[in-house]
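Visitor: Could you take one part of this structure and walk me through it slowly, from its setting to its details?

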Amino acid sequence: MSGLEVVQAGPQSLLQDHGRFGYSALGVGRCGASDVTAYELGSRLVAHGPGRAALEVTMGGFAARVHGSLTLALTGADAAASLDGQAVPHAAPLDLHDGQELRLGVPSAGLRTYLSVRGGFDVEPELGSRSSDTLSGLGPAPVHDGDLLGVADYDGPFPNVDVAPVPVPTTGRLDLEVTPGPRADWFDAADALRERVWTVSERSNRIGVRLEGQALKRVEGRVDDELPSEGMVRGCVQVPSGGQPVIFGNDHPVTGGYPVVAVVTARDMDRVAQLTPGQEVMLRWRS
Amino acid sequence: MISTQVLPMGEEAILLELDDLAGVIALAAAIQDQVDAGEPGWSQVSDVVPAARTILLRTGTAPSQDGPPSGDVDLVALGQAAQALAAEIPEPRSAAQAAGEGAEEVVTIEVIYDGEDLADIAEATGLSEAEVVAAHTETVWSVAFFGFAPGFAYLVGNQEALQVPRRSEPRTSVPPGSVGLAGEFSAVYPRESPGGWQLLGRTEEIMWDPTADPPSRLHQGSRVRFVAKEQR
């Protein structure tokens, strides 16, 4: 069987697809690829249709030996990849041959690189998805050194795209578009978010991106209120008692007990997925 | 009738807020029926997520190999449909009544009542340990909602005597099958996890199996009866 033998898993490499739908009421989160646009672009470049498992490599550092012949594409953060020491293009379909070694460096901008192999990685789905949920442990285990990642056979038409011109993640300050959350009125939200610049904490992961900055304060009358746990979605900007917001990522808990002041748009959540620690963001109300 | 307020939750979801848990359970069940029946206006709802005072309605489906991409969702119309549906529902007497409504069978769960917090629960409730066990086994519990972790069902039972606070110091690890109490709820930990509930005992039943469909032994509205099992 063709596949990739993992020589070096890097800081975090996880199998991801579109995620789990329809199980939230049982306490199971949606999970799935954090940067949906990059993941979907990878699927298009290797021309195997939506929903197949790709590898989400966080902060690069991944290396693997090729078994058999594979068609592969790298999307998302550009990790200066090489094949047997020769640089390979980003966001383009690549033909790989038995024994070659693929190596990813560390992205100079952005956080997550998607490694899509034509046919998709062949692992058993759990609850309808091949996504690793870092909160609940559902889905395939995180990828380790020495793992052999098999690839499913695929017979469809071959890729007809050479390279996709796509915007790459940036290192500068990002404006993230938000809409009001269910508890926006617990905060003086309209003013509170307007001029504030937040720094991405290094304690950020697939569950949430923590922001650090001048604390958000509740309005008078809401200071001591307790919120019974309520349903959450990807993009929720939850404000714990300390006032430092957390943007919920794909592995967020299904319910949460802190008020949600705003919700980041789906489009901008793909940019949140590429935020690196220390990067600055502003939350802007959608006009 | 039940009244509900519609709160915004991004581009793909709305949050319904209700006065009490009984209303949540009754309305969530009615909405789930509409979704399951494929009623017009409800087809884009993928997840109905009840909690203590709210119901989250999420839209969107996984893109399929051949299906059309899902179009834009009219969240305003969805909120109005939920309010109209709520207005038709008679107000339930209690959360336990609403949760057990329509449940065909009672799931029996055997419990070994040797929990580490049994003595603390007895002290907090003013009952003897035997009376705590009797109260827990005499009650017919119903699943109000899931949360906290996959398959973690919050059970309600109109059981005033057994209301206890969470532990002041949560445990870093609670074994699967642990049976606990917190507030007005009882629950079985489906998997190993951290947890702050007061532990009554444990069961050997498998509550959660992600390789099964459905993965959870219990579902919304399931009725549950705990039975004391002698420790061998």
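**A helix in chain B**

Guide: In this predicted model, chain B is divided into domain 1, residues 5–92, and domain 2, residues 97–228. The centres of domain 1 of chain B and domain 2 of chain B, taken over C-alpha atoms, are separated by 28 Å, and the contact takes 9 residues from domain 1 of chain B and 8 residues from domain 2 of chain B. On the side of domain 1 of chain B that touches domain 2 of chain B, the element that gives the most is helix α1 of chain B, residues 21–36, with 6 residues. By class, that side of domain 1 of chain B divides into 8 nonpolar residues, 1 polar residue and no charged ones.

Turning to the helix itself, α1(B) has 16 residues, which at 1.5 Å a residue should span 22 Å, and because its end C-alpha atoms are 22 Å apart, the expected span and the model agree. The buried residues of α1(B) begin with a run in the sequence, B:Leu21, B:Ala22, B:Gly23, B:Val24, B:Ile25, B:Ala26, B:Leu27 and B:Ala28, and B:Ile31 completes the list. What covers these buried residues includes the strands β3 (45–50), β4 (54–59) and β6 (140–146) of chain B, together with the helices α2 (75–87) and α3 (95–100) of chain B. After α1(B) comes B:Gly38, whose phi is positive, near 65°.

Note on methods
Residues numbered from 1 in each chain as written. Chains lettered and ligands numbered in written order. Predicted model: local features only at pLDDT ≥ 70, side-chain atom pairs only at ≥ 80, totals over all residues. Domains from an automatic or database assignment. Contact = placed C-beta atoms within 7 Å. Helix = DSSP H or I, 4+ residues; strand = E, 2+ residues; numbered from the N terminus. Nonpolar A, V, L, I, M, F, W, Y, C, P; charged D, E, K, R; others polar. Expected span 1.5 Å × (residues − 1). Buried ≥ 20, exposed ≤ 12 C-beta atoms within 10 Å, placed from the backbone.
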